[in-house]
Amino acid sequence: MSLTLLLLLALGLGLAGWLAARARAWSFRRASPNGRLASLPTYHAWYVALWIILPVLIFVGIWSAIAPGLITQAVLTAPAADQLPAFGFQRQTILNEARAVATGAAQGVFNPLAREFVEPYREAIGRYNWIGVIVTLAIAFLGGVYAFLRLKPDFAARNRVEKIVMAILLGASLVAILTTLGIFVSLVFETIRFFGMVNPIDFLFGLHWGPDPMSNAENPDSSRYGAIPLFWGTLFIGAIIAMIVAIPLGLMSAIYLTQYANPKFRAWVKPALEILAGVPTVVYGYFAALTIAPAIRDFAISLGASSASSESALAAGLVMGVMIIPFVSSMADDSIAAVPQAMRDGSLAMGATTNETIRRVLVPAALPGIVAGVMLAISRAIGETMIVVMAASTAANLSANPLDSMTTVTVQIVAMLTGEGSFDHPATLSAFALGFVLFLVTLGLNFIALRVVKRFREAYE
Amino acid sequence: MSEQIAPTRTPVFEARLKKRYAAEKRFRTMGLGAIVFSITVLLYLLGTMTLNGIGGFQRAEVAVPIDFTQAGISADPAVMDSSGAMQSLEDQGLPQVVQYFADEALGEEGAAQIGGQAWRDVAAAIAADPGIVERQETFWLPASANLASGYEGEGSQEMQALAASLAAEGKLEKNFDVGFFSRADATNPQQVGIWGALKGSILTMIVTLALAFPIGVLAALYLEEYAPKNKWTDVIELSINNLAAVPSIIFGLLGLAVFLTVFPNFRSAPLIGGMTLALMTMPVIVIAGRNAIKAVPPSIRDGALAVGASPVQVVFHHVLPLALPGILTGTIIGMARALGETAPLLMIGMRAFVASPPDDFTSPATVLPMQIFLWSDEIDRGFVERTSAAIIVLLLFLLVMNGLAIYLRNKFEKKW
């Protein structure tokens with residue numbers, strides 16, 4: 001793989017530059033009368049090494065993004081390119097097949113036309129690999145020589161290196177902003193394309209969800225893109241059923257652990273709850289689909305509910321609630337711990353029992369923090385994917401019966417994007433619009449919750 | 001005159017106190033009940049997975065004694081060492097030999113329940129030890145999925161009867177399946193393995209670690225040590241806190257819209273998966289890193305500055321080494337989360353059927369949680385046990401990682 005090769009090359013050259021510059025600095029030191037340099041030899045070494053590695057890394061990053069395009073362009077100048085379909089899926093398949101054979105990833109081609117392209121591919125890949133290596137060497141050489149020639153006994157190498165380090169630190173923290181921006185821009189971009197095809201009013205307030213990825217993309221039926229059943233399913237599973245399980249259990253666990261349990265019990269139980277939080281969601285999903293859902297269906301049928309579905313909202317919601325318990329518990333734990341001890345002592349001194357103190361003093365005082373924790377828990381539950389993908393259904397039902405099958409926003413995102421639909425179809429794009437709604441809602445919940453927590457902490461500090 | 005103080009312990013009071021104590025007891029029991037419930041669910045979950053999973057590490061195999069002295073197959077050690085071993089044995093009619101001896105040992109009906117690829121296991125054994133062809137040897141070959149489910153007491157009546165009769169003769173057994181740890185995905189539950197997915201997970205985690213750890217640590221250092229108090233810093237902090245709470249599936253949408261547009265050829269490669277998970281893990285590392293850096297007392301910084309260190313030297317020579325255990329703990333926890341993550345990878349196409357372990361960072365791969373998801377979708381009953389076995393492996397990995405994090409925290413945590 002040429003990418004790995006280029007990176008190794010960059011590191012090797014950097015090491016060579018490092019060693020050469022250090023030797024150079026040592027020779028300055030020996031030559032100078034008092035044996036002193038403006039900076040230590042190591043800083044001279046790092047200065048040269050950074051001047052070699054950083055430009056090369058930037059080049060490799062850009063190159064690995066544009067090289068495939070250049071290679072394809074070169075291949076398309078081959079004589080056989082006239083016979084290719086003008087665009088679309090088949091053209092891509094033929095080219096991919098030819099490339100796979102040329103790089104040795106596949107043994108032979110299925111499509112006879114692809115054979116024509118194997119040789120051009122091999123040639124173009126070889127040529128561009130060489131160009132990549134040569135440019136890498138040239139950049140490394142230029143950078144290294146430029147830096148090396150600047151080394152002098154009174155050269156302030158440390159200040160330069162530190163300036164570069166500071167720039168790298170700033171760059172690293174900008175990655176977070178770039179990621180946020182990237183999420184926002186890509187979601188907004190695709191959502192606008194979606195709303196160009198489907199009326200936003202129909203999407204946000206329509207009551208019927210049933211996109212057909214095979215329908216004509218030019219003239220989509222807006223009335224099939226009503227997302228209200230999805231929003232309802234998401235809220236019903238994530239914010240109602242899951243919270244009915246998680247809030248009482250999580251809150252009571254936190255209260256027992258902080259107020260009643262002896263330290264030894266606490267030392268054992270807390271890690272166990274953390275294990276519950278650390279179980280991957282795909283395992284919960286499997287558990288829900290394999291064990292809980294059939295049990296609930298059988299139970300419902302034995303009660304006489306003949307329409308009970310094996311993909312009921314109840315199964316997904318219950319398991320999601322169990323997943324959220326440790327989260328609620330640890331948030332409640334923190335909020336209760338933040339209530340000043342004096343309030344608790346005061347209440348106990350007046351003769352209140354422990355549970356009266358907890359219910360009438362501690363919990364009301366900690367309420368803002370607990371509410372914020374519940375909001376964070378809801379935001380986590382509605383964004384949870386694997387449990388609902390595996391245990392809930394893909395059929396959108398607007399119903400208040402927990403035994404009915406229901407679908408959620410995340411299930412539909414997965415369903416729309418893992419199908420065979422084309423990227424220009426409104427059904428596929430609807431996944432981005434749903435993702436955008438999900439992003440905004442979770443962002444809003446988190447923003448408010450963090451605000452509340454902050455203000456609440458300040459109130460007692 | 002002195003007023004008589006009314007006795008406090010009136011019957012009404014006593015009754016009320018009794019009620020209050022009863023309420024206290026009820027409340028306490030409810031708290032304990034909540035904990036017991038959570039722990040019970042955890043134990044039940046782990047118990048179901050373990051019980052199911054034990055079977056998943058085994059497979060039903062059929063005994064086939066092969067007398068090579070009659071078969072006339074030659075195994076030249078020089079050929080057997082080369083990559084042409086399989087081809088050579090196939091040309092010499094090994095598949096027919098295996099078929100013949102299977103017919104002999106099991107009868108026609110039983111022999112039909114040995115997979116058509118079973119001779120490859122025999123061939124591999126010969127390639128490993130060419131001396132076998134001089135003697136008689138009994139091979140345990142994988143039974144077909146039908147026979148395996150018959151052995152479990154499921155499936156069709158004939159298969160159950162056949163399995164029972166073979167088992168009674170001692171020719172059908174469930175054996176520990178070593179190959180489960182060296183094979184990749186397959187369509188037949190008897191032939192699947194998790195090494196393919198495990199290797200995909202390892203490659204993906206390497207990419208994630210290589211990106212998220214340096215970026216996360218450097219960002220944490222900048223925010224905690226150097227960032228000026230201004231709007232830009234607030235924006236950076238806000239976006240990191242928000243990224244930590246964004247649902248993981250949104251990162252998948254980002255990977256799909258950005259990474260796969262820039263690198264369309266690397267669909268379902270560990271490189272793209274690792275990059276997507278790195279964006280998700282980075283905020284976790286930043287937040288853990290900042291807490292660890294904050295815990296280093298200011299006196300360390302003042303001392304270093306006082307003897308003439310530059311601000312960069314203070315941080316890289318003194319603060320970072322002291323904060324490193326805390327940062328590592330946070331990193332391991334973040335990596336454990338990334339290892340168990342499925343949803344974002346589902347978005348970027350790592351759900352393809354990959355029948356061989358990935359060779360490098362750019363070849364198509366799947367990861368362990370994704371393999372669990374794919375197997376859980378299979379209709380064949382044999383996959384239920386395999387899925388649970390894969391879950392046990394995944395949970396063991398997570399347990400080791402979290403255990404390591406706790407160990408590091410306890411060993412290196414300093415109270416200043």
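Among contacts in chain A between residues at least 6 apart in sequence, those that join residues at least 24 apart account for 72%. The structure described here is a predicted model, to which the predictor assigns an ipTM of 0.88 and a pTM of 0.88 for the complex. In chain A the secondary structure amounts to 15 helices and zero strands, and 44% of its 461 residues count as buried. The radius of gyration of chain A is 31 Å, whereas a compact globule of 461 residues would have a value near 23 Å. Taken along the principal axes, the box filled by the C-alpha atoms of chain A is roughly 85 × 75 × 40 Å. The domain assignment divides chain A into domain 1, covering residues 2-155, and domain 2, covering residues 222-460, and the C-alpha centres of these two domains of chain A lie 48 Å apart.

For chain B, the mean pLDDT is 85, with 97% of the residues reaching 70 or more. The secondary structure of chain B consists of 17 helices and three strands, and buried residues make up 45% of the 416 residues in this chain. Among contacts in chain B between residues at least 6 apart in sequence, 77% join residues that are at least 24 apart. A radius of gyration of 31 Å is found for chain B, against a value near 22 Å for a compact globule of 416 residues, and the C-alpha atoms of chain B occupy a box of roughly 115 × 75 × 40 Å along the principal axes. Three domains are given by the assignment for chain B, namely domain 1 (1-56), domain 2 (58-176) and domain 3 (195-412). Between domain 1 of chain B and domain 2 of chain B, the distance from centre to centre, taken over C-alpha atoms, is 61 Å.

The contact between the two chains is described next. To this contact chain B contributes 67 residues and chain A contributes 66 residues. On the side of chain B that touches chain A, the largest share comes from helix H1 (residues 11-56) of chain B, which supplies 17 residues. By residue class, this side of chain B divides into 47 nonpolar, 15 polar and five charged residues.

The nonpolar interior was examined in terms of cores. The largest nonpolar core holds 189 residues, of which Ala288(A), Ala316(A), Val319(A), Val328(A), Ile387(A) and Ala391(A) touch the most other members. Helix H7 (residues 228-260) of chain A provides the largest share of this core, with 18 residues. When neighbours within four places in sequence are left aside, the contacts of Ala288(A) are Ala293(A), Ala315(A), Ala316(A), Val319(A), Ile387(A), Met390(A) and Ala391(A). Separate from the largest core is a second core of 31 residues, which includes Val62(B), Val64(B), Ile126(B) and Tyr151(B).

Individual positions add local detail to this description. Both Val452(A), in helix H15 (residues 426-460) of chain A, and Phe456(A), likewise in helix H15 of chain A, were considered. Val452(A) is classed as partly exposed because 18 other C-beta atoms lie within 10 Å, whereas Phe456(A) is classed as buried because 21 other C-beta atoms lie within 10 Å. Leaving aside neighbours within four places in sequence, Val452(A) is in contact with Pro368(A), Val371(A) and Ala372(A). The C-alpha atoms of Val452(A) and Pro368(A) are 6.5 Å apart in space, although 84 residues separate the two positions in sequence. Phe456(A) touches Pro368(A) and Gly369(A), again not counting residues up to four places away in sequence. From Phe456(A) to Met343(A), which are 113 residues apart in sequence, the C-alpha to C-alpha distance is 15 Å.

In chain B, Ser144(B) is placed in the loop between strand E2 (136-142) and helix H7 (145-151). With 19 other C-beta atoms within 10 Å, Ser144(B) is partly exposed, since a buried residue requires 20 or more such atoms. The C-alpha atom of Ser144(B) is separated by 15 Å from that of Gly107(B), a residue 37 positions away along the chain.

Conventions:
Residues numbered from 1 in each chain as written. Chains lettered and ligands numbered in written order. Predicted model: local features only at pLDDT ≥ 70, side-chain atom pairs only at ≥ 80, totals over all residues. Contact = placed C-beta atoms within 7 Å. Helix = DSSP H or I, 4+ residues; strand = E, 2+ residues; numbered from the N terminus. Nonpolar A, V, L, I, M, F, W, Y, C, P; charged D, E, K, R; others polar. Core = buried A, V, L, I, M, F, W, Y, C linked by C-beta atoms within 7 Å. Buried ≥ 20, exposed ≤ 12 C-beta atoms within 10 Å, placed from the backbone. Domains from an automatic or database assignment. Rg over C-alpha atoms; globule rule 2.2 N^0.38 Å. pLDDT = per-residue confidence, 0-100.
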